[in-house]
Amino acid sequence: MISFASLVAAVAADVPVDPDAPDAKKWLLDELGKPEYAAARPTLIDRIAKAIQDWLGSFTGGSGGGVPNIFPLVVTLLIVGLIVAAFFVFGRPRMRRRSALAAAVFSGGDDQRSSLDLRTSAQNAAAANDFVTAIEEMFRAIARNSSERTIVSTAPGMTAQDFASRASRAFPGLGDRLRDAAGTFDGVRYLDAEGSRQAYDRMAALEHELRTSSPARLDRVGTTGATR
């Protein structure tokens, strides 16, 4: 490594005059810009290697050859162990959140409320600005009404996506809205999404349209019977 004193001496030897401060600074910068000085500077790899070397050196008790200081190593291994244990106990967050979407529309088999009861509950929640509950209850009202009209059987364990897929076959013109409603239900129910007035209004409008419409299958059956 070229010392500063050597550098000044080299500059002084090359320039046999007594420069003022600005000139001396300029000459010094010009000298430092030469390739041999740039090559002498430590590179990024050199600095990284030095940092790793210093870190590894911290695991020893110093240069006196004493007992190695293993405390940092123990702490590091403990942290890694806790992370690995949490991974196996709780699983990957994304996987758990996705698996939650397999949960049923109706939690447990003890919810025997009618579609009218569910719709009223949704409207009351919306009036109280609890749009998460309002959205959940209105989607349940949609599913319950389809079951009451024997259009889609809401068997225990049916998910929102299952219901939307089956209901779309009976109401093909509303398929996109049914799938969107199922996604909204899953979002507020299992993914901690925030409910909103707009999302609830879309759900309520879909519920009203489904409740007041005849499914395509029944329309075809009625037309066939009339033709005969």
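This report looks at the surroundings of Phe106 and at several salt bridges in a predicted model.

## Phe106 and its surroundings

Let's start with Phe106, which sits in the loop joining helix H6 (93-100) to helix H7 (115-127). Despite that loop position, Phe106 counts as buried because its relative accessibility is 12%, and the cut-off for buried is under 20%.

What does Phe106 touch, once its neighbours within four places in sequence are set aside? Its contacts are Asp111, Leu118, Arg140, Ala143 and Arg144. One of these partners, Arg140, belongs to helix H8 and will come up again below. Another residue to look for is Ala160: 54 residues separate Phe106 from Ala160 in sequence, while their C-alpha atoms are 9.3 Å apart in space.

## Salt bridges around helix H8

Across the whole structure, a search finds nine salt bridges. A good one to pick out on your screen joins Arg140 to Glu137, with an N to O distance of 2.9 Å. Both residues are in helix H8, three residues apart, or about one turn of the helix. Are these two side-chain partners buried or exposed? Both Arg140 and Glu137 are buried.

Glu136 makes a salt bridge too, this time with Arg189, and the closest N and O atoms are 3.5 Å apart. This pair links distant parts of the chain, since Glu136 is in helix H8 (residues 131-148) and Arg189 is in helix H10 (residues 175-190), 53 residues apart. The two ends of the bridge can be described separately: Glu136 is buried, with a relative accessible area of 9%, whereas Arg189 is partly exposed, at 31%.

These residues also belong to a wider arrangement. A network of salt bridges links Arg113, Glu136, Glu137, Arg140 and Arg189. Arg140 is therefore worth a second look, because this member of the network is also among the contacts of Phe106, a residue that counts as buried at 12% relative accessibility.

## A bridge between helices H10 and H11

Helix H10 takes part in another pairing, in which the side chains of Arg177 and Glu209 meet in a salt bridge (2.7 Å, N to O). Arg177 is in helix H10 and Glu209 is in helix H11 (residues 197-211), so the bridge ties together parts that lie 32 residues apart in sequence.

How exposed are the two partners? Glu209 counts as partly exposed, with 32% relative accessibility. Arg177 is partly exposed as well, its relative accessible area being 35%.

Methods
Residues numbered from 1 in each chain as written. Predicted model: local features only at pLDDT ≥ 70, side-chain atom pairs only at ≥ 80, totals over all residues. Heavy atoms only, no water. Helix = DSSP H or I, 4+ residues; strand = E, 2+ residues; numbered from the N terminus. Buried < 20%, exposed > 50% of the residue type's maximum accessible area, 1.4 Å probe, protein only. Contact = heavy atoms within 4.5 Å. Salt bridge = Lys/Arg side-chain N within 4 Å of Asp/Glu carboxyl O.
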